[in-house]
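Work through the following exercises with the sequence and the coordinates at hand. Each task is followed by a solution that goes step by step.

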Number of protein chains: 2
Amino acid sequence: MLIALPTILLSGEYAHMSRKTSLSGFHEWLPQERLVELHVLNTLAEVFELHGFSSIETRAVEPLGTLLRKGEIDKEVYTVSRIHETNAPDPEDTSRLALHFDLTVPFARYVIENAGHLTFPFRRYQIQKVWRGERPQEGRAREFTQADIDVVGDGALDFRHDIDVALVMAEALSTLPIGQFIIRINNRKLAEGFYQGIGLTDTAGVLRNIDKLEKIGVEKVSEALQEELGASPEQAKLALALAQIRAEDSSFVDDVRALGVENELLEEGLTELAEVIDQLYKRAPGTAVADLSIARGLDYYTGTVYETNLVGHEQLGSICSGGRYDALATKGKRTFPGVGLSIGVTRLISRMFSQDMVQASRNVPTTVYVALTDDDDWSSAQDIAQSLRARGISTEVATKAEKFGKQIRHADRRGIPYVWFTNYDEAGDASHEIKDIRSGEQVSVDLDTWMPPTDDLRPVITKVEDTAN
Amino acid sequence: MLIALPTILLSGEYAHMSRKTSLSGFHEWLPQERLVELHVLNTLAEVFELHGFSSIETRAVEPLGTLLRKGEIDKEVYTVSRIHETNAPDPEDTSRLALHFDLTVPFARYVIENAGHLTFPFRRYQIQKVWRGERPQEGRAREFTQADIDVVGDGALDFRHDIDVALVMAEALSTLPIGQFIIRINNRKLAEGFYQGIGLTDTAGVLRNIDKLEKIGVEKVSEALQEELGASPEQAKLALALAQIRAEDSSFVDDVRALGVENELLEEGLTELAEVIDQLYKRAPGTAVADLSIARGLDYYTGTVYETNLVGHEQLGSICSGGRYDALATKGKRTFPGVGLSIGVTRLISRMFSQDMVQASRNVPTTVYVALTDDDDWSSAQDIAQSLRARGISTEVATKAEKFGKQIRHADRRGIPYVWFTNYDEAGDASHEIKDIRSGEQVSVDLDTWMPPTDDLRPVITKVEDTAN
């Protein structure tokens, strides 16, 4: 008997995007999709730990006052209250609890609270769910997982950490089954210095408009700079010329200099960005570019800023963003500068599923299904399973001695590749056979030594290579 | 120079319990405490997967109506609303969202929604945070992590799964650095059949009172049975006699029979419990007892019920509880019976810290700190780190060529055991030495082959053996 157990494409009927969800914006993966998510999360954690980042988690809730510090983001926040609080919430009460909307703000609060217990520069990674009450669409969920790394210093933080965190993320993203990506890097000092140098003093306003470049285009940004900020046509032209500079090595420095603007802050930014790009170009070629259009408008970054696109999926938006804060947190006169990046894991994974980017070798952790010849063999079958598990082989045991065909079909439906059969002779001695459901091949095996091929030990997650072209 | 790097006791100044938390009931671990939690969670996940359980996660929120189905638990629920909903919440509106208070109710909803995509019996594990608005105390947090396994069938579920899940949890708990535990097992059919047999018809009422046995004692329960439920002194005596039966093997059956009660449901329960206990006694001796006082009052279990105590920490309450539901979920005429157990991870870990039960070999994932002799060596030092990481050795690189003593002290404060030094001769050829900070020993090493002892590759978490006695 040969039962086909094909490689499972995590799409079509399996894909979450095509299933009905009972709560819009709240993704829940099927077990086989969760295998992919786990693979992604475990891979990220492994890379982060190899680079000396410690795991932490923060509580899901913060007082509203903590969350509001960062700006206008309050409109997207979920507040939390005990069910018996039936009074209308007081909008002025900032001690009310709310679900965190990112991992940076809670981390800053954690650093302040635990500064006495941490050693600086402190390297942490944090993989948790966050919540935002935004209108759901692809790439924008109400509950989603972020994977952050940050390095935070006490008083000062060497600039080399700006290079380091980008290298770590380049390595982490390269290890995932997602294909090519580009980390686009800019520097706030460079941009702000340039705007000051051409006489545009509302640098935040310029950044906010430059941030819309991809969405609305050069013409409209130029208009907005002139109408909203009173820029001259020449100033607008220069600001836009800067934003159009892009290079994978430090040749961008000459392009900026060619615009003829002189400013001390600009020089500082040019030096920093050149150093980041040179190291990325050298150590992780093809993963990063200097892109002077990157603004990251709403966030309070003060130096290097990063955004990341998945090549061929640019319209998805950034899958990994971040930057440098001169003051990630402050405690009295003490300042904690930081630099870090955050991967939008749910955004990335949703795309992997909706675009058939990834496949799993099977649906379940289980490698072996131990069949029963007789109902009374259950306890002996548990012994067999225990022996296999001791060698790291995931094993389930049938509960009933149904016909072998039925037991095999059950294993097949579950997605388990091997079925184990045991016969006892009249002296009670056991002999064992194993069937590979995919090939139909059944062979005698030794209980104490049998191992599956390495690729069958755990589900293997791989990128689907594009064979259409 | 010899700098001591002692094994870290995760207690005293390190322990969370002695730190101030800014939000009562919401635990946050220090990085070195989180190492212990990660060890526990990874160990559990590994055991669950070896037994063929698939990971799933459910969203953090459910409509209030879904959560209320289970009973009176609503008083402990946190509701969630978008910040701009400023009207008073309508207490009657069960479509309002709330944070889940356990993982069973959301799992039941998940099974119903995804039944068409699952293969039954479906084995899942789920490790997530849950929230309850209870008054915080030791063992009772407002945000805490649960680790659940359940097997759920479509229409029917073989009784052997009741044995299986207990064996999985016995193995999982044995693998943790927590010392001895006892899974106390009872059976609702046994208890209800017995109460019916002696003429007590309000079996739920009896169970509710028996559930208080440990808290208020035999006398008070006897009084309550007579006063609240109208039991005769003889009926109360028999109900209490049943609750005092305890055995690690199926000898409890004779003890029950000796009470002279006959009832069909009782017989069914006796047979089931005897089968569970016999297998536990045989396959995981010393981990389980039949304990006929276990009631698990509020939950809608219908057969086997489990509670687990950590030996010597009984006052902490159960660290792993669960049972069998005839109908974990229903969808029209379709019924999904289930059986499962849930570990209270946060309760367990808080205890491990507050009672100095566990130690970590170090505070950080990092094994090697690459020192800099010259600021310009940073990129070469990154090459060295990359080479070590390729062999799975967690490595950090210094950012500045400070005096070696200062670089070593930094590694020491971080808790990193090894510092790597590289010298370049005039021809530019590198020679490498490594210092073990703990012993002070410094030796020449080969970059391409050096490996730390296995115990230094990752932080090792072990139980503190009680040497006081």
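**Exercise 1. Determine which share of the contacts in chain A between residues at least 6 apart in sequence joins residues at least 24 apart, and describe the chain as a whole.**

Solution. Take contact to mean heavy atoms within 4.5 Å; among the contacts in chain A between residues at least 6 apart in sequence, 70% then join residues at least 24 apart. Next, count the secondary structure, where helices (H or I, at least four residues) and strands (E, at least two) are DSSP runs numbered from the N terminus: chain A has 14 helices and 20 strands. Along the principal axes, the C-alpha atoms of chain A fill a box of roughly 95 × 60 × 45 Å. Finally, classify the residues by relative accessible area, calling them buried under 20%, exposed over 50% and partly exposed in between, with a 1.4 Å probe and protein chains only; buried residues make up 60% of the 469 residues in chain A.

The model is predicted, with local features requiring pLDDT of at least 70 and side-chain atom pairs pLDDT 80 or more, while totals for chains, interfaces and linings use all residues. Residues are numbered from 1 along each chain as its sequence is written, chains are lettered from A and ligands numbered from 1 in the order in which they are written, and side-chain values use heavy atoms, with hydrogens and water left out.

**Exercise 2. Establish the strand order of the sheet that contains E3(A) and E3(B).**

Solution. Two strands are taken to pair if DSSP finds at least two bridges between them. On that basis, 6 strands form an open sheet with antiparallel pairing, and the order reads E3(A)-E5(A)-E4(A)-E4(B)-E5(B)-E3(B). Its edges are strand E3 (61–63) of chain A and strand E3 (61–63) of chain B, each of which pairs on one side only. Neighbouring strands of this sheet are turned by 40° against each other on average, direction ignored, where axes are lines fitted to C-alpha atoms, for helices over the stretch in contact, and angles run from 0 to 180 degrees between N-to-C directions. Looking at one pair, strand E4 (residues 78–82) of chain B and strand E5 (residues 97–99) of chain B run antiparallel and are joined by 2 bridges, and Val80(B) has Leu97(B) as its bridge partner in E5(B).

**Exercise 3. Analyse the burial and pairing of strand E6 (residues 122–131) of chain A.**

Solution. Begin with burial: 10 of the 10 residues of E6(A) are buried. Phe122(A), Arg124(A), Gln126(A), Gln128(A) and Val130(A) point one way, whereas Arg123(A), Tyr125(A), Ile127(A), Lys129(A) and Trp131(A) point the other way. Then turn to the pairing: strand E2 (residues 54–55) of chain A runs parallel to E6(A) and is joined to E6(A) by 2 bridges, with Tyr125(A) as the bridge partner of Ser55(A). By contrast in direction, strand E7 (residues 143–152) of chain A runs antiparallel to E6(A), with 10 bridges between them, and Arg123(A) has Val151(A) as its bridge partner in E7(A).

**Exercise 4. Describe how helix H4 (residues 160–175) of chain B packs against helix H10 (residues 264–283) of chain B.**

Solution. Two packed helices are described by the angle between their axes and the distance between the axes. Here the axes of H4(B) and H10(B) come within 9 Å and cross at roughly 35°. The contact joins Arg160(B), Asp162(B), Ile163(B), Ala166(B), Leu167(B) and Ala170(B) of H4(B) with Glu275(B), Val276(B), Gln279(B), Leu280(B) and Arg283(B) of H10(B).

**Exercise 5. Compare the settings of Arg142(B), Thr145(B) and Lys463(A).**

Solution. Arg142(B) is placed in the loop between strand E6 (122–131) and E7 of chain B, and is buried because its relative accessible area is 17%. Leaving aside neighbours within four places in sequence, the contacts of Arg142(B) include Arg82(A), Tyr78(B) and Trp131(B). Thr145(B), in strand E7 (residues 143–152) of chain B, is also buried, since its relative accessible area is 5%. Lys463(A), in strand E20 (residues 461–463) of chain A, counts as partly exposed because its relative accessibility is 25%. The C-alpha atoms of Lys463(A) and Gln359(A) are separated by 6.2 Å, although these residues are 104 residues apart along the chain.
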